[in-house]
Amino acid sequence: MDVSQILDPLNDAQRQAVCAPAGHIQILAGAGSGKTRVLVHRIAWLMQAEGVSPYSILSVTFTNKAAGEMRSRIEHLLKIPAGGLWVGTFHGIAHRLLRAHWKEADLPQGFQILDSEDQLRTIRRLIRDMGLDDNHYPPKEAQWYINARKDEGQRPENIDHRNDPHLRQMIEIYHQYEAMCRRTGVVDFAELLLRAHELWLKHPQMLHHYQQRFKHILVDEFQDTNTIQYAWLRMLVGKDSHMFAVGDDDQSIYGWRGARVENIHQFGKDYKNSSIFRLEQNYRSTGNILNAANALIANNSERMGKNLWTEGEEGEKIRIYAAFNELDEANYIADQILTWVEGTGLRSECALLYRSNAQSRVLEEALIKNRIPYRIYGGLRFFERQEIKDALSYLRLIDNDRDDAALERIINLPTRGIGNRTVEVLRETARNNGCSLWQAITTVQQEKALPARALQALQNFADLMQGLIEATQNVELAEKIEHVIHHSALRTHYAKEKGEKGQARLENLEELINAGRSFEMDAYDDDLPEMDELAAFLSHAALEAGERQAQEGDDCVQLMTLHTAKGLEFKQVFLCGVEEDLFPHRLSADDPARLQEERRLCYVGMTRAMQRLTLCYAEKRRLYGDDKYTRPSRFIKELPAELVEDVRMPGFVAPAASSMYLQEENNTGLKLGQRVMHKKFGEGVVLNYEGAGQHARVQINFANAGSKWLVMEYANLMIL
DNA sequence: GCGGAGACCCTTTTT
DNA sequence: GGGTCTCCGC
């Protein structure tokens, strides 16, 4: 067997990892070191050199994009379809298991998936129905709480309320929410993972079957695994199976959503005989960029340890641009891009990365002003769009009449005279009888619990749904969708919406029909039960919300958050707003662990750059409506001086508008850094201003009392 | 049932 | 500052 195709494109470290003898293996793969390549080639190696059957390989990723890329690269390398091989996301694989074993998992056969938005709506509804004040129990917080507990593998009955009444109530909300999901036959994202874990916990013989089957378990982005994902993996790894975990602790940026970098350390403890390989040769960035990134990340503690290097050239220094304000920052960047393009560079080679989405607007405006086309990542994806979710809700209700969330969404959409009062009566009836809202319609009608007009409106809705159910039996999926969009009058409803928006919505609805036409059921390799095509389509819509929408194609500058940029690379990168309080974000600055995550985020951002990296900060920034004086991020100071260069023109004088602003601000009579004395708090230093004149507030860092915001009018400060 | 006024919020995102 | 949600009046 000729394996040269598999091994030749690899460097020594990669080859060692790919050919490592069976055993538990951990790969620490630095940014741009060929991580995906190693995973793909490892799978190819197992199959072609070791004669491993694709049937016994499981490869897990976090995103559908990564899973898709992995599968296609494997097929490209092997030049055959990799049938039988399981490649998927944690959620996709859990879903597959639960479909196959719905009975053992104690789920209804046709269970559907509740996406985050539906989950939030459900929880909001529930909190109100429980008679709780949603100011005291914000639905968002409850949602976060529930998902976090599920990610940790906890059910409400296992959580200690520690006699805390608020916590006790949160647990009760979790409890009620669970009951609601059971009643309506839906499962949220976190539940997929938790159920899949419990499924094996409760059915050891089934676990044994999968342990026997999957001899090789490969995990991508291992640093992003949360508690339940790692527990699930550990369970699956039987005594004859091997885990191949690829990750980078320095690129762990999802701690805030439950990811545990500690799992990387835990791996070595759990698998004492495991070996570890490091991929440190970088094929992406210049030496200067790597050295600067290395220096930055060296400020973090408890690292596994890793130093990126390159055979390539040193390259340019890292540029630091100190802007006067956010407009100046944006203009500078636009200007630099124009220069880049004049020098035959492509716009698409340039990326503008920022910490938070709110920063994008000013950048966009500057790009528009300079007629620079751009593409912005983020925002709604196809299956998350309002009109698409409306249409899907009809389909969900057809598929499962217990789906209350779907019914609530469309019972009066388009409006058909079913008001809030009517729906309230339905809810109450459903609650009292422990039935679905759909069933409650019949009950309410029988009991004549509403005025005749409302009853008639309900009857019309019931007739409509009944008609849709009958008309969509035994027809092609696309035809089903088409029929629903047309006869529910969603199409006419959105046609009435004026302007481009309405037009776009209509086009999206058409696109949904197309999606139905091109939808292919996964051809599963084993004994998975036949799944109804509509149900499969709905699951697909929830699990793969589709591409983030943006005008594709043209040569566009790329705008995105630092988080979104992970895994991507660009010749020229601008990190925008590299300022204290923005990056690191002020909400993360106090907690050392979160601060380290911010630093890793900066590391991720810097290592996206291949040739040129510019860090920008503004000395003053308008954010959330008011102006703030800012300080450059501590991350800038952590870069070795010999690797950076200041690109603000020396001796440059602030433009008139800017200096006027400064004067106006300065009528507090104080300058930044000014030492002052306060009667009560003692001596301190001026850190920041807000507003102007006598209503201005000033932030002072007191030597003994810490940092405080004071109103000038009352502060009575003495200048020292 | 809809549209306007006011309250409220505001980090990062995938499934 | 701006986007979203809620409430109230028509």
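Q: Which residues surround DNA strand C?
A: In this predicted model, DNA strand C is surrounded by Arg 128, Arg 361, Arg 622, Tyr 624 and Gly 625. Sugar and phosphate make up 43% of the strand's atoms that come within 4 Å of the protein.

Q: How do the residues near DNA strand C divide into nonpolar, polar and charged?
A: Sort them by residue type. One is nonpolar, one is polar and three are charged. Tyr counts as nonpolar and Gly as polar, while Arg counts as charged.

Q: Which side chains have a polar atom close to a phosphate oxygen of DNA strand C, and what are the distances?
A: Look for N or O pairs within 3.5 Å. Arg 128 places a polar side-chain atom 3.0 Å from a phosphate oxygen of DNA strand C. For Arg 361, an N or O atom of the side chain is 3.3 Å from a phosphate oxygen of the strand.

Q: Now the interior. How many cavities of 30 Å³ or more does the structure hold?
A: There are three. The largest has a volume of about 150 Å³.

Q: What lines the largest cavity?
A: Its lining has 15 residues. Nearest the centre lie Asp 115, Asp 118, Lys 389, Leu 392 and Arg 396. By type, the lining divides into eight nonpolar, one polar and six charged residues.

Q: Which helices supply at least two residues each to that lining?
A: They are α16 (386-399), α17 (404-410) and α24 (533-543). Helix α16 gives the most, with four residues.

Q: Leu 392 lies near the centre of that cavity. Is Leu 392 buried or exposed?
A: Apply the cut-off: under 20% relative accessible area means buried. Leu 392 has 8% relative accessibility, so it counts as buried. The residue sits in helix α16. Its C-alpha atom is 9.4 Å from that of Ile 485, which is 93 residues away along the chain.

Q: Next, helices. Which way do residues three or four places apart point?
A: They point the same way, because an α-helix has 3.6 residues a turn.

Q: How many residues of helix α11 are buried?
A: Seven of the ten residues in α11 (residues 227-236) are buried, so the helix is largely enclosed by the rest of the structure. The buried residues are Ile 228, Gln 229, Tyr 230, Trp 232, Leu 233, Met 235 and Leu 236.

Q: What caps the N-terminal end of α11?
A: Asn 226 does. One of its side-chain oxygens lies 3.2 Å from the backbone nitrogen of Ile 228.

Q: Let us turn to a strand. Is Thr 61 buried or exposed?
A: Thr 61 has 0% relative accessibility, so it counts as buried. The residue lies in strand β2 (residues 57-61). Its side chain reaches the backbone oxygen of Thr 63 at 3.2 Å.

Q: How many disulfides does a search of the whole structure find?
A: Sulfur atoms of a cysteine pair must lie within 2.5 Å to count. The search finds zero disulfides. Take Cys 181: the nearest cysteine sulfur belongs to Cys 435, and that atom is 17 Å away. Cys 181 is buried, with a relative accessible area of 7%. Cys 19 is partly exposed, at 22%.

Q: On to the backbone. Which peptide bonds that lead into a proline are cis?
A: Check omega. The bond from Leu 413 to Pro 414 is cis, with omega near -5 degrees. Pro 414 lies in the loop between α17 and α18 (420-433). A cis bond also joins Phe 583 and Pro 584, with omega about 5 degrees. Pro 584 is placed in the loop between β13 (570-576) and α26 (592-606).

Q: What is the phi of Asp 106, and where is the residue found?
A: Phi is positive, about 60 degrees, although Asp 106 is not a glycine. The residue is in the loop between α5 (90-100) and β4 (112-114). Asp 106 is exposed, with a relative accessible area of 57%.

Q: What is the phi of Arg 371?
A: Phi is about 55 degrees, again positive in a residue that is not a glycine. Arg 371 lies in the loop between α15 (360-369) and β11 (374-376). At 75% relative accessibility, Arg 371 counts as exposed.

Notes:
Residues numbered from 1 in each chain as written. Chains lettered and ligands numbered in written order. Predicted model: local features only at pLDDT ≥ 70, side-chain atom pairs only at ≥ 80, totals over all residues. Heavy atoms only, no water. Near = heavy atom within 4 Å. Polar contact = N/O pair within 3.5 Å; in protein donor to acceptor, adjacent residues only side chain to side chain. 1 Å grid on protein atoms, 1.4 Å probe; cavity = no way out; pocket = protein on both sides within 12 Å on 5 of 7 lines; lining within 4 Å. Points joined across faces, edges and corners; volume = space filled by probe spheres on them. Buried < 20%, exposed > 50% of the residue type's maximum accessible area, 1.4 Å probe, protein only.
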